There are 2 protein chains.
Amino acid sequence: MKLENVTSAKRRYDDACGAAHALDLVGERWALLVMRELMMGPKRFSDLRADLPGISANVLTQRLEGLESAGVLVKRKLPPPASAQVYELTEWGYESEPIFQVLGRWAARSPCHDPTLPLSAVSLLLSFRTMFDPAKAKGVEMRVGMRLGREDYVVRIANGELTAARGDVEGAEFVLTSPPPLIAAAVYGKVPFDALAESGLTIEGDRAAANRFVTFFALPPKAGA
Amino acid sequence: MKLENVTSAKRRYDDACGAAHALDLVGERWALLVMRELMMGPKRFSDLRADLPGISANVLTQRLEGLESAGVLVKRKLPPPASAQVYELTEWGYESEPIFQVLGRWAARSPCHDPTLPLSAVSLLLSFRTMFDPAKAKGVEMRVGMRLGREDYVVRIANGELTAARGDVEGAEFVLTSPPPLIAAAVYGKVPFDALAESGLTIEGDRAAANRFVTFFALPPKAGA
DNA sequence: CGGCATCCGGGAAGATACTG
DNA sequence: CAGTATCTTCCCGGATGCCG
């Protein structure tokens with residue numbers, strides 16, 4: 001848990017401010033995005049590479065080392081017969097979720113935010129947690145399945161709260177099978193599901209519920225407007 | 001408002017996730033700390049340099065350019081006779097305060113946070129806003145003056161809320177004149193004011209109120225404990 | 001003095017190839 | 001699959017110097 005192993009002495013801020021210390025720990029390029037990809041549960045090295053297009057293997061190695069030294073994540077070996085190496089956030093690591101929420105909420109107001117860029121499955125799920133508006137889902141109970149590439153996820157809405165986690169899509173009102181960006185287009189761009197079918201989004205189940213689902217989320221207004 | 005002027009194309013994350021976009025805007029080294037120093041009001045170039053020991057002039061220039069391009073701050077000329085150039089956050093820029101709060105709260109739990117490092121006046125005031133516990137200040141009304149180097153600040157507690165801003169210390173229950181780190185030691189380290197007097201902290205006014213003041217703040221427990 | 005351009009050295013990030 | 005090794009590029013930090 002020495003700071004030396006996280007950030008070299010020369011590049012530290014030497015500032016007692018908590019925010020500055022956070023940047024010493026996770027302020028390096030890619031560090032926060034690595035953590036983001038682990039927010040929904042452990043992943044392997046190659047999954048991280050696949051979900052963070054643009055990161056190079058050596059940088060990923062360095063970040064994983066640094067974040068482990070900082071106590072944000074641990075490297076763990078899955079028991080046989082899987083026997084795979086995975087990286088998992090510590091309890092404290094998971095507590096970083098509000099960082100992504102406030103960063104996301106703030107940046108969504110940026111005049112030059114481009115929502116058409118690629119989007120990972122984890123990012124989509126975290127965005128639901130961030131942008132869910134309880135007032136718009138009063139009295140609603142819903143269970144939504146999402147097949148997003150390698151992993152399946154379940155989003156549940158009940159008692160004005162939204163939870164999202166990896167899980168079995170069986171028993172959901174409807175199941176979306178799609179690349180994450182298309183679901184974002186439906187939810188945040190309010191693009192009709194029908195218009196997205198030809199791009200590779202499919203709905204099984206209650207389509208009316210799906211159309212209701214997208215009304216529970218809204219982006220904040222752009223700044224300077 | 002082109003992203004080109006903020007982050008070169010090669011170093012962008014190409015990720016629609018809001019948090020990733022935030023990092024494109026303010027993820028470069030020093031950018032967030034520059035914003036932090038402006039959270040209590042406009043400052044001049046040389047004040048920023050003085051309050052961010054370690055930043056070099058050219059990097060500060062680059063960050064100010066980038067943050068202006070991003071719409072986070074504006075460069076403004078004070079009217080005569082001051083006629084000084086100052087940098088001021090935009091309304092959207094000021095809305096970044098929750099970023100500092102969640103970063104600070106999260107990093108305060110870090111096992112290797114060193115609270116003895118230097119601390120700027122703005123950081124201290126922001127930490128009050130972040131760490132204030134309304135439950136501990138129930139029914140309290142208090143007006144505190146702080147002379148922290150170049151600027152004077154007023155902290156007010158009323159109706160279970162804390163506000164902190166630049167202002168005249170006249171009319172406060174007590175006035176602290178001190179380098180910011182000593183006040184942090186009193187508030188967060190619970191070091192008695194008497195023990196700090198010889199290091200350069202002075203209290204004028206109601207010392208009992210000062211001793212009450214420090215009880216309104218508490219750091220979160222360390223992670224892994 | 002305040003703000004910015006320029007040059008340079010060191011080091012981090014990026015791309016590619018390679019290995020157990 | 002899970003990383004190293006290597007090479008290049010670019011950013012950061014420091015120093016200097018110009019110009020209002």
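**Notebook: two chains, two DNA strands, one sheet**

I first compared the two copies: a turn of 180° and a shift of 0.0 Å along the axis lay chain B on chain A with an RMSD of 0.0 Å. The fit is by least squares on the C-alpha atoms of residues with pLDDT of at least 70 in both copies. I note this as the relation of a two-fold axis. I then checked the contact residues, where contact means C-beta atoms, placed from the backbone, within 7 Å. Of those in chain B, 100% recur in chain A, so the same surface serves both copies.

Before going on, I noted that this is a predicted model, in which local features need pLDDT of at least 70, side-chain atom pairs count only at pLDDT 80 or more, and totals for chains, interfaces and linings use all residues. Residues are numbered from 1 along each chain as its sequence is written, while chains are lettered from A and ligands numbered from 1 in the order in which they are written.

**DNA strand D**

I looked up the residues near this strand, meaning those whose C-beta atom, placed from the backbone, lies within 6 Å of it. There are 21 residues around DNA strand D, and A:Arg44, A:Phe45, A:Ser46, A:Ala57 and A:Asn58 come nearest. Helix H3 (45-51) and helix H4 (57-70) of chain A, with helix H4 (57-70) of chain B, each give two or more residues. Helices here are DSSP runs of H or I with at least four residues, strands are runs of E with at least two, and both are numbered from the N terminus. H4(B) has the largest share, four residues. I sorted the surface into six nonpolar, nine polar and six charged residues. Nonpolar covers Ala, Val, Leu, Ile, Met, Phe, Trp, Tyr, Cys and Pro; charged covers Asp, Glu, Lys and Arg; the others, Gly among them, are polar.

**DNA strand C**

Here I found 20 residues, with A:Ser56, B:Phe45, B:Ser46, B:Asn58 and B:Gln85 nearest. H4 of chain A, helix H3 (45-51) of chain B and H4 of chain B each give two or more. The classes are six nonpolar, nine polar and five charged.

**The sheet in chain B**

I traced an open sheet of five strands, in the order E5-E4-E3-E6-E7, with mixed pairing. Strands pair if DSSP finds at least two bridges between them. Strand E5 (161-166) and strand E7 (202-205) are the edges, each pairing on one side only. Strand E4 (residues 151-158) runs antiparallel to E5(B), joined by six bridges. I picked out B:Arg156, whose bridge partner in E5(B) is B:Thr163.

Methods:
Two residues are in contact if their C-beta atoms, placed from the backbone, lie within 7 Å.
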